Number of protein chains: 2
Amino acid sequence: MQIANIEKMKAFSSEKMKKTNLFNTDRMLTDLYCFEPGQFQKPHAHGGEDKVYLVLEGEGVFQVDEEEETLSKGSAVIAPAGSIHGVANHSSEPLLCLVFMAPLPSHAKAHKH
Amino acid sequence: MQIANIEKMKAFSSEKMKKTNLFNTDRMLTDLYCFEPGQFQKPHAHGGEDKVYLVLEGEGVFQVDEEEETLSKGSAVIAPAGSIHGVANHSSEPLLCLVFMAPLPSHAKAHKH
C-alpha cells in the first residue's frame with residue numbers, strides 16, 4: 001500500500017521552489033510543491049496535461065492565462081491543458097501545494113515508481 | 001479561473017457518504033468526499049482509473065486490495081487501476097478527503113463541467 005505523509009515529505013530548497021513526488025502512474029502524477037517566501041513557479045503551459053493545485057499551507061498568487069488570484073489554505077484551482085499557469089509566494093510564510101497532473105507528463109516518465 | 005474552496009464546498013448527508021465534484025475534465029476528476037461517523041465507501045475497483053485520496057480532516061480506514069491502514073489528516077494513498085479500494089470512518093469525527101481520479105471515469109462524463 002503506497003502511502004505518503006505530507007508532513008514527513010515536505011522539503012524546501014533555499015535555491016528555488018522544491019517539488020517532491022508522492023505518486024506517479026501512467027495516468028497521473030501527484031507532487032508536493034514547497035515555496036519559501038519569494039519563490040515561484042514560472043508561468044508555463046503543458047499541451048496535453050491538466051493540473052490541479054490544492055493549497056495545504058500558506059498563501060500564493062496563482063495565474064491561469066490572463067487571470068490571477070491569491071489563494072490560501074483549502075482552496076484549489078485547475079489549470080487546464082494549454083493554459084499558461086504559474087504560482088508565486090509573495091507572502092512571508094511558506095507555501096505548500098499538492099499538485100495533480102493527468103496524464104503523466106512525459107518529463108516525469110523517467111521517474112515513475 | 002475555476003477555483004474551489006473546500007470549506008465552502010464541504011457537504012454531508014445523513015443518508016450516506018457525500019461526494020461533491022470540484023473539477024472534471026476529460027483527463028481527471030477532482031471530488032471532495034465527506035463521511036459522517038459510521039459512513040463508508042464500499043470496496044470496489046475501477047478497471048482503467050487510478051485514484052488518489054488525501055485526508056483533509058479526521059481519520060479513516062483505507063483499504064487497497066488486501067491491506068488496510070488508518071490514515072489521518074495530511075496522509076495520501078493511491079489505489080491503482082484494478083485494485084479493490086474503499087474507505088470507512090470508524091471514528092467519532094467527520095472525515096474529509098480530496099479524491100483525484102485519472103482519467104475521467106465514464107460514469108462521470110455526463111457531469112463534466
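Q: Which residue of β1(B) is the bridge partner of A:Ala76?

A: The model is a predicted one. In it, A:Ala76 has B:Ala4 as its bridge partner in β1(B). This bridge belongs to a strand pairing between the chains: β8(A) and β1 of chain B, residues 3-5, pair in the antiparallel sense over three bridges. Another residue of β8(A), A:Val77, stands opposite B:Ile3 in β1(B).

Q: What else does β8(A) pair with inside chain A?

A: β5(A) is joined to β8(A) by four bridges, and the two strands run antiparallel. Here A:Val77 comes up again, with A:Tyr53 standing opposite it. A:Val77 therefore has a partner in β5(A) and one in β1(B).Q: Which way do the residues of β8(A) point, and are they buried or exposed?

A: In a regular strand, side chains alternate between the two faces of the sheet. In β8(A), A:Ser75, A:Val77 and A:Ala79 point one way, while A:Ala76 and A:Ile78 point the other way. All of these residues are buried.

Q: Why is β8(A) described as largely enclosed?

A: The count of buried residues is the reason: five of the five residues of β8(A) are buried, so the rest of the structure largely encloses this strand. A residue counts as buried when 20 or more other C-beta atoms lie within 10 Å of its own.

Q: How many residues of each chain are in contact across the interface?

A: The size of an interface is often given as the accessible area lost when the parts come together. Here a residue count is used: 30 residues of chain A are in contact with 30 residues of chain B. On the chain A side, β1, α1, β2, β5, β7, β8 and β10 each supply at least two residues. The largest share, four residues, comes from β8(A).

Q: How do the residues on the chain A side divide by type?

A: The side of chain A that touches chain B has 19 nonpolar, six polar and five charged residues.

Q: Which strands of chain B pair with β10(B)?

A: One is β3 of chain B, residues 29-35, which pairs with β10(B) in the antiparallel sense over seven bridges. In that pairing, B:Cys34 has B:Leu96 as its bridge partner. Another is β5 of chain B, residues 50-57, joined to β10(B) by seven bridges and also antiparallel. There, B:Val55 stands opposite B:Cys97.

Q: How many residues of β10(B) are buried?

A: Seven of the eight residues of β10(B), which spans residues 95-102, are buried, and the strand is mostly covered.

Note on methods
Residues are numbered from 1 along each chain as its sequence is written. Chains are lettered from A and ligands numbered from 1 in the order in which they are written. This is a predicted model: local features need pLDDT of at least 70, side-chain atom pairs count only at pLDDT 80 or more; totals for chains, interfaces and linings use all residues. Two residues are in contact if their C-beta atoms, placed from the backbone, lie within 7 Å. Ala, Val, Leu, Ile, Met, Phe, Trp, Tyr, Cys and Pro count as nonpolar, Asp, Glu, Lys and Arg as charged, and the others, Gly among them, as polar. Two strands pair if DSSP finds at least two bridges between them. A residue is buried if 20 or more other C-beta atoms lie within 10 Å of its own, exposed if 12 or fewer, and partly exposed in between; C-beta atoms are placed from the backbone.
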